[in-house]
Amino acid sequence: MRINTVINPVLAGKTKKRKKWTGRNWAVFFMATLGLVVIVIFHYLPMAGLTLAFKDADYSSNLLGGLLFGEFVGFDFFLEFLRDVDFWNVMSNTLIVNLIMLLINFPAPIIFALILNEVKNSAFKKGVHVITTFPHFISWAIYGGIVIALTDQTTGIFNPILEFLGLSSAENPVYLMGADTIWAVIIISSVLKTVGWGSIIYMSAIASIDQEIYEAAELDGINRWQRAIYITLPCIAPTITVFLLLNIGRLLSNSFEQFNSMQNAVNLTRSEVLATYVYRLSFTARRYSYATAIGFFNSCISLLLLVLSNFISKKTAGRGLF
């Protein structure tokens with residue numbers, strides 16, 4: 001009791017002083033607040049527009065009035081696109097193209113990062129990485145125009161190459177932007193545009209691996225191939241898992257700019273995906289509620305895919321996104 005009476009007044013007299021905010025603290029707070037404001041304005045406030053999917057605002061000249069006072073129709077538009085033949089054609093295009101991209105575009109940056117990691121000349125490695133990363137900073141509107149010019153039947157450089165390989169002829173050149181070949185053009189151009197940028201995160205993950213593991217492995221006599229398979233890949237597996245789950249969640253999502261820049265009347269049956277279909281319904285056909293219902297359906301399926309793939313990953317690999 002006596003000890004408590006002596007110690008408690010001393011402790012009671014000590015109050016924890018708050019640190020005064022410096023200019024650096026206020027700058028960080030201001031930047032974080034700006035980021036929060038941007039997220040609220042561009043990500044959360046537009047979600048109020050999802051109510052259009054349950055109201056009849058198609059062909060409306062006053063979209064805000066249709067959003068606020070339009071007739072409530074429930075799930076009529078959802079039932080309509082489930083019976084729409086065009087919608088299911090677009091859905092099949094979206095799923096098939098994205099599955100092929102998942103099989104090709106997703107591992108491409110990983111393989112590229114593993115190859116670059118084996119290059120000993122640092123100047124050559126940096127040069128290759130800069131060159132392959134540069135296309136990422138070109139917009140799809142410009143990049144798509146370059147692809148169209150390169151694949152042109154008369155002036156493009158690919159038909160002479162195909163002629164040399166015996167796959168085309170001067171009298172009957174292959175139209176690479178046609179319906180039969182547009183998927184290959186889209187996928188290959190996408191790989192070339194994103195492989196350098198996508199490999200940056202994997203290069204960073206590889207650089208963080210303890211070099212003593214490699215040194216110990218070299219003493220055991222393993223070669224470069226075994227080192228990549230048994231050391232590098234397992235060490236960057238958490239990073240690969242995160243990006244794989246994010247890509248699975250985007251199976252129904254496409255870059256609108258990419259597909260829109262390469263679409264034409266000839267390949268529209270194969271190049272029309274949900275992103276361009278919703279855009280065409282909204283701004284060309286003015287079917288605002290119908291397009292919103294399709295977009296809402298797309299978001300719900302993407303969320304379901306993300307949660308399901310994360311659950312499977314945690315059960316099988318012991319790691320997940322959340």
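A crossing of two helices is left-handed if the near helix is turned anticlockwise from the far one by less than a right angle, and right-handed if clockwise. That convention applies to a helix pair described below.

This is a predicted model, in which local features need pLDDT of at least 70, side-chain atom pairs count only at pLDDT 80 or more, and totals for chains, interfaces and linings use all residues. Residues are numbered from 1 along each chain as its sequence is written, and side-chain values use heavy atoms, with hydrogens and water left out.

## Helix packing

Two packed helices are described by the angle between their axes and the distance between the axes. Axes here are lines fitted to C-alpha atoms, for helices over the stretch in contact, and angles run from 0 to 180 degrees between N-to-C directions. Helices (H or I, at least four residues) and strands (E, at least two) are DSSP runs, numbered from the N terminus.

Take H5 (residues 85–104) and H10 (residues 182–207). Their axes lie 11 Å apart, at an angle of about 40 degrees. That makes H5 oblique to H10. Angles under 35 degrees count as roughly parallel, over 145 as roughly antiparallel, 65 to 115 as roughly perpendicular and the rest as oblique. The crossing of H5 past H10 is right-handed.

Which residues make the contact? H5 supplies Asn93, Ile96, Val97, Ile100, Met101 and Ile104. H10 supplies Trp183, Ile186, Ile187, Ser190 and Val191. Contact means heavy atoms within 4.5 Å. By class, the H5 and H10 contact residues are nine nonpolar, two polar and no charged. Ala, Val, Leu, Ile, Met, Phe, Trp, Tyr, Cys and Pro count as nonpolar, Asp, Glu, Lys and Arg as charged, and the others, Gly among them, as polar.

H12 (residues 224–235) and H13 (residues 237–249) form another pair. Their axes come within 4 Å and cross at roughly 60 degrees. H12 is therefore oblique to H13. On the H12 side, the contact uses Leu233, Pro234 and Cys235; on the H13 side, Ala237, Pro238 and Ile240. This contact has six nonpolar residues, no polar and no charged.

Cys235 belongs to H12. Cys235 counts as partly exposed because its relative accessibility is 37%. Buried means under 20% relative accessible area, exposed over 50%, partly exposed in between (1.4 Å probe, protein chains only). Cys235 and Ile206 are 29 residues apart in sequence, with their C-alpha atoms 7.7 Å apart in space.

## Salt bridges

How many salt bridges does the whole structure hold? A search finds six. A salt bridge is a side-chain nitrogen of Lys or Arg within 4 Å of a carboxyl oxygen of Asp or Glu. Three pairs are listed here.

| Pair | Closest N to O |
|---|---|
| Asp58 and Arg287 | 3.2 Å |
| Glu80 and Arg287 | 3.0 Å |
| Glu272 and Arg280 | 2.8 Å |

Arg287 forms salt bridges with Asp58 and with Glu80. Asp58 lies in the loop between strand E1 (55–56) and helix H3 (63–69), and Arg287 in the loop between H16 (274–283) and H17 (288–316), so their bridge ties together parts that are 229 residues apart in sequence. Asp58 and Arg287 are buried. For Arg287 the relative accessibility is 16%.

The bridge of Arg287 with Glu80 also links distant parts of the chain. Glu80 sits in helix H4 (residues 76–82), 207 residues from Arg287. Glu80 is partly exposed, at 27% relative accessibility.

In the third pair, Arg280 is partly exposed at 36%, whereas Glu272 is buried at 5%. Elsewhere, a network of salt bridges links Glu118, Glu218, Arg224 and Arg227.

## Positive phi

Most residues other than glycine have a negative phi, and most peptide bonds are trans. Tyr59 has a positive phi, near 65 degrees. Tyr59 lies in the loop between E1 and H3, the loop that also holds Asp58. Tyr59 is exposed, at 53% relative accessibility.

Arg286 is not a glycine, yet its phi is positive, at about 60 degrees. Its place is in the loop between H16 and H17, where Arg287 also lies. Is Arg286 buried or partly exposed? At 33% relative accessibility, Arg286 counts as partly exposed.

## Ala141

Ala141 is in helix H8 (residues 140–150). Ala141 is exposed, with a relative accessible area of 61%. Ala141 and Trp88 are 53 residues apart in sequence, and their C-alpha atoms are 27 Å apart in space.
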